[in-house]
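Dear colleague,

Please find the structure below, followed by a short account of what was found in it.

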There are 2 protein chains.
Amino acid sequence: MSRVEAATALILEVFRLNGALLAAGDGLTRDLGLTSARWQVLGAVALAGRPLTVAGAARAMGLTRQAVRRLVTELAADGFVVLAPNPDHRRAALVVLTETGRRAFAAVQERQAAWAERIAEGCAPAALGEATTLLRRLRAALERDEEHGAAEAES
Amino acid sequence: MSRVEAATALILEVFRLNGALLAAGDGLTRDLGLTSARWQVLGAVALAGRPLTVAGAARAMGLTRQAVRRLVTELAADGFVVLAPNPDHRRAALVVLTETGRRAFAAVQERQAAWAERIAEGCAPAALGEATTLLRRLRAALERDEEHGAAEAES
DNA sequence: GCCGATACGACAACATGTTGTCAATTGGCG
DNA sequence: CGCCAATTGACAACATGTTGTCGTATCGGC
């Protein structure tokens, strides 16, 4: 198999796995009133070490602040977080976990560990690490390509 | 790094790479009036070997027929495909590429090959293959877990 | 040949992300 | 001090996927 074919096969598999993972994540969190996306936001806030604004959480997650804003609004409506006044910035409120939010996140984290263990059961940690490194390298090449790709496409 | 940690790191990287790939795919197709999603539909129809119905294309791609239906409607509106009567099934029309559609798909395919070569430049085909195999195995475990996961989650 | 299960297309509602736009706040610099 | 650029939150429009529901066409078994 040529390099192009091998790369294409890997890319297609990434798409499929991504879909499967999202579905699994939703299943993992559904009965707690969460989804994969909400869980991700909760995690960013829980693991930040300091209170985050919506825009800050978005930066931490690599998403746009608009997407995070809607999720935060929903999480606040469901009582997982509250928006606390920010002493440093009147408009940019801080997202703070409630006790409910903390408990829900801890519960999901436990499940996720057990789930990851089940899923990766037959895989050597070293092999997982090598695959991660390869994917990271591909993504780096992708982002490098993006930067000066627009000009080359014209040629 | 424990297996759970390694697996979690890999999963997060799959999410990130998926996002980067989608963005790159859109960039690759934009000036032809396509997107990643439309390209995928065009590819399913082009490579099927025989005419496909909307539902058939959806099965071939692992998407729902509703999602494919909308994309096909848009592709038809833009002249990339036409819906031809199906002699075997009055309601299920066949999706057929127009000359425009064929040319657009061929153009994207050329670009994709060059792009994949650039992206995977520093990677050995064997390493790509191993990563693909690992991801496939993870997805298989995931799908197996889904099946009898609902019951275990209660315990 | 009829009848019910199944497949298909259409429509609606929703989830999740994007980009674009706009006003308000903040902070730095002349 | 005052003004201008960057940041932020809000809203809208759109892209892409999902599920649910409905009506109808097709097919297989009796």
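Through which surface do the copies, chain B and chain A, meet? They meet through the same surface, because 100% of the interface residues of chain B are also interface residues in chain A. This is a predicted model, in which local features need pLDDT of at least 70 and side-chain atom pairs count only at pLDDT 80 or more, while totals for chains, interfaces and linings use all residues. Residues are numbered from 1 along each chain as its sequence is written, chains are lettered from A and ligands numbered from 1 in the order in which they are written, and side-chain values use heavy atoms, without hydrogens and water.

Symmetry. A turn of 180° with a shift of 0.0 Å along the axis lays chain B on chain A with an RMSD of 0.1 Å (least-squares superposition on the C-alpha atoms of residues with pLDDT of at least 70 in both). This is the relation of a two-fold axis. In chain B, the C-alpha nearest the axis belongs to A131(B), at 2.6 Å.

Protein interface. Chain B and chain A each give 47 residues to the contact (heavy atoms within 4.5 Å). The area buried between them is about 4,800 Å², 70% of it from carbon and sulfur atoms; buried area is the accessible area (1.4 Å probe) that two parts lose on being put together, summed over both. In chain B, R3(B), I119(B) and L142(B) lose the most area to chain A, together 14% of what that side buries.

Seven salt bridges are counted between the chains (a side-chain nitrogen of Lys or Arg within 4 Å of a carboxyl oxygen of Asp or Glu). One of them joins R139(A) to E13(B), with the closest N and O atoms 2.8 Å apart. On the side of chain B that touches chain A, α1 (3-29), α5 (99-119) and α6 (125-147) of chain B are the elements that give two or more residues (helices are DSSP runs of H or I, at least four residues, numbered from the N terminus). The largest share of that side, 19 residues, comes from α1(B).

DNA strand C. There are 21 residues around this strand, and T35(A), T64(A), R90(A), R59(B) and R65(B) come nearest (near means a heavy atom within 4 Å). Sugar and phosphate make up 52% of the atoms of DNA strand C that come within 4 Å of the protein. A polar backbone atom of R90(A) is 2.6 Å from a phosphate oxygen of the strand. Base nitrogens of DNA strand C lie 2.9 Å from a polar side-chain atom of R91(A) and 3.2 Å from one of Q66(B). With four residues, α4(A) gives the most to the surface near the strand.

Yours sincerely

Definitions and conventions
A polar contact is a pair of N or O atoms within 3.5 Å; within protein, one must be able to donate a hydrogen and the other to accept it, and residues adjacent in sequence count only if both atoms are side-chain atoms.
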